[in-house]
Every structure is written in C-alpha cells, then in structure tokens.
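Visitor: Could you take me in for a close look at the ligand site? I'd like to hear what surrounds the ligand and how the protein holds on to it.

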Amino acid sequence: MTKIMNYINNEWVEPKVSEYTEVINPATGEVIAKTPLCGKDEVDAATKAASEAFPAWRQTPVQDRIQYLFKLRDLLKTNHDEIGRIITRECGKTLGEAKAEMVRAIENVEVACGMPMMMKGEIAEDIAPGIDEIMLRQPLGVCATIAPFNFPGMITFWYLPYALATGNTYIVKPSEKVSMTMQFIFELIEQVGFPKGVVNMVHGAKDAVDSILDHPDIRAITFVGSTNVAKYIYRRAAENGKRVQAQGGAKNPVIIMPDADMEMTTQIVADSAFGCAGQRCLAVSLAVTVAEARNSFTELICDAASSRTVGFGLDEGIQMGPVISQTSKENIEQLIGLGTKEGATALVDGRGTTVKNYEGGTFVRPTVLANVQPDSEIWKTEVFGPVLSMMHVQTIEDAIKLANSHIYGNQASLFTSSGAAARKFRYEVEAGNVGINIGVAAPMAFFPFSGWKDSFFGDMHGQGMDAVEFFTQKKVVVERWPKEWSRKF
Ligand code: NAD
C-alpha cells in the first residue's frame, strides 16, 4: 500500500494524525492507500516553510526560476505512463483518459516557462517633463491550491507552474479521495530540487482546508470542486482578505440542430457524456434536440451508450471506468430513479451494473433519459456520472433559452453545419466554455479556464495570462528625475 506523507520544507513528513480516509481503487474495491486527515499543525508548518522560502525565491531571477520548471516538465514527460497508471488505479478513468489529463498538465508547465515574457511590466516615459510611470508585477507570497478528485494530476497544474514562475511559494492540498497521484508527482518535484520550502503538500480534508482559509500568511487560494464548497471557500477566503478563485460544479447542455452531421455528433456527444464516466466538469449532461434532430440523434446515442465497454481502465479495450465510490454510485442511481419518477423515460439504463471479475467495483453503465422534465431533480442537479438527460424543443431560440435558464454556466455546445446558428449560439449562450461541433471545449493552457454563473466564483481564471494576473499584484511607480539633476553627475 502506498504510504501518503506530507511534503514540507523539502522533507517527507510523517503526519501525526489519528484519522485517515481510504483511497479505494473504484474498479476493484481494494484499499490502495490511506490519506492522513491533517489539520492546523501541518498547514502551519507548510506555511512557515513557504513564508521563509519566499524572499529568496522572489529574488531569484525569473529566468532561473523557470529552469526548475523545464526540469519538472521533463520529469512529468518521462513518467507520463506511470502517472497515468496511478490516476487510473485511484480515480477509475481509463489509462488513455488519465494520460490525456497529464498532457494538459505538462502543457501548463510549458506555458509557464514563458514567464520572462509574460510577467514583464510596462513603462510610459515623460508622462510629464522628467516623469516616468512604471507598472511592475510582483508575486503575492504564499499561495495554495485545493483540488477535487476527478483530475488528480491536471488541476493543480492550472495554477502551480504560474505561481512558482512568478515568484510565489506554494502549498498543494490534493483531494483526500485520490492522494496517490500528487504523492508521486511530489516525488518528481523532490527530484527537481526546488529550494527548501518553495513547494509543499499537505494532505487532508475539511480541517486542512479551513486551516488554509484562515491562515493569515496565505495570500491567495485557488479551489476547484463542487459548487456548495466553492461558495464556502470563496466567502471565507474573501472574509479573511485573500485573493480567491473557486471553480464549482456544472450541468452542461449540448444543442443538436437538424443540420448537424449526426454520426459525428453522436460519437462526440457520447465521448463527452460518458468519457471519464461522466465525472468531468466539461461533460455534456443535457442534450437538447431541435426539431427533426430528435429521432436520428436518439437512435444513435442509445446505440453508442449501450455499446460502450465498461471495466477496469488499465485493461485493454476499456472505454469507460467506474465512478469514484459506492456513495457516488448510489447517488447517481438514485437521481436516475427520481428522474423516471418525475416523468423521464430511461431509454438506456445503467443502474445495477456489475462487471465480471470486478464485482467489488462501483460501475454505472451509460444511461440515456428521454423526456426529462424542466425543474425535475435530474434536470437541476449535477449528476457527475455517465447520465445523459434529453429534452426536445422546436427552435434554436428555445434551446438557448433552456440552456441559459440553468444556474450553472461551465460549458455549452452546439452541433450544426450552419454558420449563422453557430454565431447566434456563441453570442447568446451563458457559459464560460463554448463548443461548436466540439464535445469537451477544454481550453488550451494558454487560454483562461473557468465557467460562469454558479460554476465559478471569482474574477481572474486559471491558466495562461489569467493565472499570471492572479498570482501577481501590480505596483505602479511614478518617478521624477528632473533633467537638471543629471548635470550633477
Ligand atoms: P468537493 O467539493 O467534494 O471537494 C473538493 C475539495 O474540497 C477537496 O479537496 C475536499 O477535501 C475539499 N472539501 C470538501 N468538502 C469540504 C468542506 N465542507 N469544507 C472545506 N473543504 C471541503 O468536490 P469533488 O467531489 O472532489 O469533485 C467533484 C466536483 O468538482 C464536481 O462538482 C465537479 O463539477 C467539480 N469540478 C469542477 C471543475 C471546474 O473547473 N469547474 C473541474 C473539476 C471538478
């Protein structure tokens, strides 16, 4: 069993706690690690180390700081397969999906390696005779990330490389459900040889999070997780005067127009809805068919859902893994049940799934629900499982209205061959990530990532220039150097 330890001041520290959470391989039910539920003492120790490391790290030239990131990028590349296998074992997604999330993680490190250009300031000379105005970007100090279970490797990298490259020091709090991936990545971070205290990791759950939120020396927090917790994090961190961004849950609509290429659309929508067992914040979960799109899409999506191969993600040919836990499986099955009670028809029903040789696994097969009723529980609630709810309308206007009526706004997609429809949708839809003939509109590392409405609380987003903005504070200097003074030298 993997031993999970904190990493503080460049040392592996044995947590002095009595409570642990089990990390379970969701395909087998086997306990593969135990996450220590740390709290204030460990967060205090990590913050002290990061605070002490900050002055020297900040003064390290940016060109030198990014040399550590180049090394980290190489180590992540060399160990790509190994990291993927750990993700599959603790999180359940297939090896292909696990490796794909690390591609985005690596890409973020690569983008942050451009920091010498990205964090440069600005200068305006002679705003008045002999007076210049300069804008500098300076790091904040100690920053922290609180991560969810569904991307154990990638999500921390929306932030960490930018924070380090801009001169901040860092604390990572991984999800207690999937602590092995970051444990392994921190072994790579150890090999990189950052100066002591620059990057730290504390494991735990609510106590660790609350200690991060309340610590006076932590200046900025990024959070990714469910909406209720995101709201709590945003409120409490802001009350404590911290810079904070909190990404929340989602319920992503996809609109299918009658002129869409139906074969391609169905394949892409199925990959989006059922990939990663639907446990992806950009997964489409609500398909809205417009006019004649209904019949052909329904038939094809039901075929795609029923033919998906479900099993342990490290086995050959598996297209979908289990959901994260027994609790999650029960919640998903309960929501499907509620949906049918409230008027939906289960065209493909994934409840009660067992997989041969993996009887201890928490599998839910892809599910397709037709005639989902507006305002029913299955419509309102984020399912976070492989369940596609379907609704039908007659016009694109009605479809966009339906999509925009939801509290979430993480992603919305449209499938069409009409440029005019695409433009209308792009213009009117209320979502932070928009796909046109794309099922998972995940921005590249050099674009900002975040949702709208109840999917995001904050201002600056993750990745790219937004992350540079988030992890730096601007200082404007106005200087007077009268010409006549130069005669003195
Ligand atoms: P979660 O909210 O349960 O947990 C996220 C983090 O918050 C974990 O580190 C956990 O330890 C901590 N936490 C949980 N409850 C807490 C509490 N009461 N007080 C303080 N801290 C607490 O989320 P999850 O189940 O790990 O992840 C799934 C959720 O994350 C889904 O809702 C999904 O949509 C969302 N998500 C969003 C994005 C995005 O970019 N918007 C990306 C990935 C996942």
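**Around the ligand**

Guide: Let's start with the backbone: in this predicted model, an N or O atom of the Phe 149 main chain lies 3.0 Å from an oxygen atom of the ligand. Gly 225 does something similar, with a backbone N or O atom 3.2 Å from a ligand oxygen. From the side chains, Lys 173 brings a polar atom to 2.8 Å from an oxygen atom of the ligand. On its own the ligand would expose 840 Å², and the protein buries 88% of that.

Now step back to the whole shell. It counts 29 residues, and the ones that come nearest are Ala 147, Lys 173, Glu 176, Ser 226 and Glu 382. Sorted by class, you get 16 nonpolar, 8 polar and 5 charged residues. As for secondary structure, α8 (206-214), β11 (218-224) and α9 (227-239) each put at least two residues into the shell.

And the wider setting? The ligand takes up the space of the largest pocket. Domain 1 (2-248 + 455-477) and domain 2 (252-436) both contribute shell residues, so the ligand lies between the two.

Notes
Residues numbered from 1 in each chain as written. Predicted model: local features only at pLDDT ≥ 70, side-chain atom pairs only at ≥ 80, totals over all residues. Heavy atoms only, no water. Near = heavy atom within 4 Å. Polar contact = N/O pair within 3.5 Å; in protein donor to acceptor, adjacent residues only side chain to side chain. Areas by Shrake-Rupley, 256 points an atom, 1.4 Å probe, with all protein chains shown as cover. 1 Å grid on protein atoms, 1.4 Å probe; cavity = no way out; pocket = protein on both sides within 12 Å on 5 of 7 lines; lining within 4 Å. Sits in = over half its atoms within 2 Å of the grid points. Helix = DSSP H or I, 4+ residues; strand = E, 2+ residues; numbered from the N terminus. Nonpolar A, V, L, I, M, F, W, Y, C, P; charged D, E, K, R; others polar. Domains from an automatic or database assignment.
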